[in-house]
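Here is a friendly walk through one protein chain, with an eye on its side-chain contacts. Have the viewer open as you read.

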Amino acid sequence: MKRVTTPLCLQLVLGVAMLADEPASDDIPEWQQIKEQAYRTFKAETAAARANYRSQIAEMIKKADRAEVYLLSGKVEKREVPEDELYSDPKPPTEWFPIRPYDGDSKIKIRKTLKDKQLRQLVGEIGKVLRQRNDLDGGAFCHSPNHGICFLAGDTILFETSFCYKCSNYYLEYPEDMGPPSLVGFSFTELQAYFGELFPDPGPADLSTQSKKAEAEQGGVEEPATRAESDSEDGHKPQPKSEGRSR
């Protein structure tokens, strides 16, 4: 006997029954009610488990001793990954930030390192986003990364993600993700304004000059990307996943 596994299949079964002149009831069949209730329960419990997982990530990043923050190009590109990068241990991004749901990268314009008070402030802002219970079904089905973050404890990457404000989402790998990490939607917080203060709009000025000025003002360490922007036109091979790298 074939199992009915989707709402579409259920509709097809009921339709065939009516075409065969079998009596149809105006009431929803009991078996269909049970199946729909099971689906709603599963969806609610999965959403709750994911929300709890994100909250635990918010607790974990409190243990970071520093964080890298990035101003990104807003574009996801394919590039050729150098061989030494393919087989080396995971390290904080320096020129390209990984956008894992799309197996691509975004060009890093400015990079800063935050510690102490600045780190605690960042942990608080990211924690507000991670603790939101509703993931908004991933937000919009796109991701144009504006900013990236990478929390570290020693040489270990604790958590890494990028944020898109147009689509109101970021990416996070859940334990059940078998493919690319999931996109998680979030409601507007002070996050965009916070990053706006870290990375004031440089306008037409040279980004490396702005980086040095911001470093003196923020007390952090930052490194503008050194590779020419024209390199971003190159194609690339997907980065392999590393089991030891948190995302």
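What follows goes from the nonpolar core to the aromatic rings, then to the charged pairs and the cysteines.

## The model and its core

Please keep in mind that this is a predicted model. A good place to begin is the largest nonpolar core, which has 31 residues. Within this core, the residues that touch the most other members are Leu122, Ile126, Leu130, Ile149, Phe151, Phe163 and Phe195. In soluble globular proteins, nonpolar side chains tend to be buried together.

Where do the core residues come from? At least two residues each are supplied by α2, β1, β3, α4 (116-130), β4 (147-153), β5 (156-164), β6 and α5. Helix α4 gives the largest share of this core, with 6 residues.

## Helix α5 and its two sides

Helix α5 spans residues 191-198, and its Leu191, Tyr194, Phe195 and Leu198 are buried. Why do these four sit on the same side of α5? They cover an arc of only 95° around the axis, and that is what puts them on one side together. Turn the helix around and you find Ala193 and Glu197, which are exposed on the other side.

Two of the buried α5 residues come back among the rings: Tyr194 and Phe195 belong to one aromatic cluster together with Phe163, Tyr170 and Phe186. Phe163 and Phe195 were also named above for their many contacts, as they are among the core residues touching the most other members.

## Aromatic pairs

The structure holds 7 aromatic pairs. One of them joins Tyr53 and Tyr174 in a tilted arrangement, with 6.0 Å from centre to centre and 55° between the planes. This pair links distant parts of the chain, since Tyr53 is in helix α2 and Tyr174 is in the loop between β6 and β7, 121 residues apart. Are the two rings buried or exposed? Tyr53 is partly exposed, at a relative accessible area of 30%, whereas Tyr174 counts as buried, at 2% relative accessibility.

Tyr170 and Phe186 form another pair, with ring centres 6.0 Å apart and planes at 50°, so this pair is tilted too. Tyr170 lies in strand β6 and Phe186 in the loop between β7 and α5, so the contact ties together parts that are 16 residues apart in sequence. Here both partners count as buried: Tyr170 has 1% relative accessibility and Phe186 has 4%.

A ring can also have a charge over it. Lys112 lies over the face of Phe199, at 5.0 Å from the ring centre.

## Salt bridges

In total, the structure holds 9 salt bridges. In one of them, Arg50 meets Glu176, with the closest N and O atoms 2.8 Å apart. Arg50 lies in helix α2 (residues 30-60) and Glu176 in the loop between β6 (169-172) and β7 (182-185), so this bridge ties together parts that are 126 residues apart in sequence. Arg50 is partly exposed, with a relative accessible area of 23%, and Glu176 is partly exposed as well, with 39%.

Another salt bridge joins Arg111 and Glu68, whose closest N and O atoms are 2.7 Å apart. Arg111 belongs to strand β3 (residues 104-114) and Glu68 to strand β1 (residues 66-72), so the bridge connects parts that are 43 residues apart in sequence. Both Arg111 and Glu68 are buried.

Asp65 and Arg66 also meet through their side chains in a salt bridge, at 3.0 Å from N to O. Asp65 is partly exposed, with a relative accessible area of 39%. Elsewhere, Glu59, Lys62 and Arg131 are linked in a network of salt bridges.

## Cysteines

How many disulfides does the model contain? The count comes to 0 disulfides. Cys164 is in no disulfide, and its nearest cysteine sulfur, that of Cys167, is 3.3 Å away. A disulfide here needs the two sulfur atoms within 2.5 Å, so a pair at a distance beyond that cut-off is not counted. As for their surroundings, Cys164 counts as buried at 0% relative accessibility, and Cys167 counts as buried at 4%.

Technical notes. Residues numbered from 1 in each chain as written. Predicted model: local features only at pLDDT ≥ 70, side-chain atom pairs only at ≥ 80, totals over all residues. Heavy atoms only, no water. Buried < 20%, exposed > 50% of the residue type's maximum accessible area, 1.4 Å probe, protein only. Arc of directions from axis to C-beta. Salt bridge = Lys/Arg side-chain N within 4 Å of Asp/Glu carboxyl O. Phe/Tyr/Trp six-rings, centres within 6.5 Å; stacked < 30°, edge-to-face > 60°. Lys NZ or Arg CZ within 6 Å of the ring centre and 35° of its normal. Core = buried A, V, L, I, M, F, W, Y, C linked by side-chain atoms within 4.5 Å.
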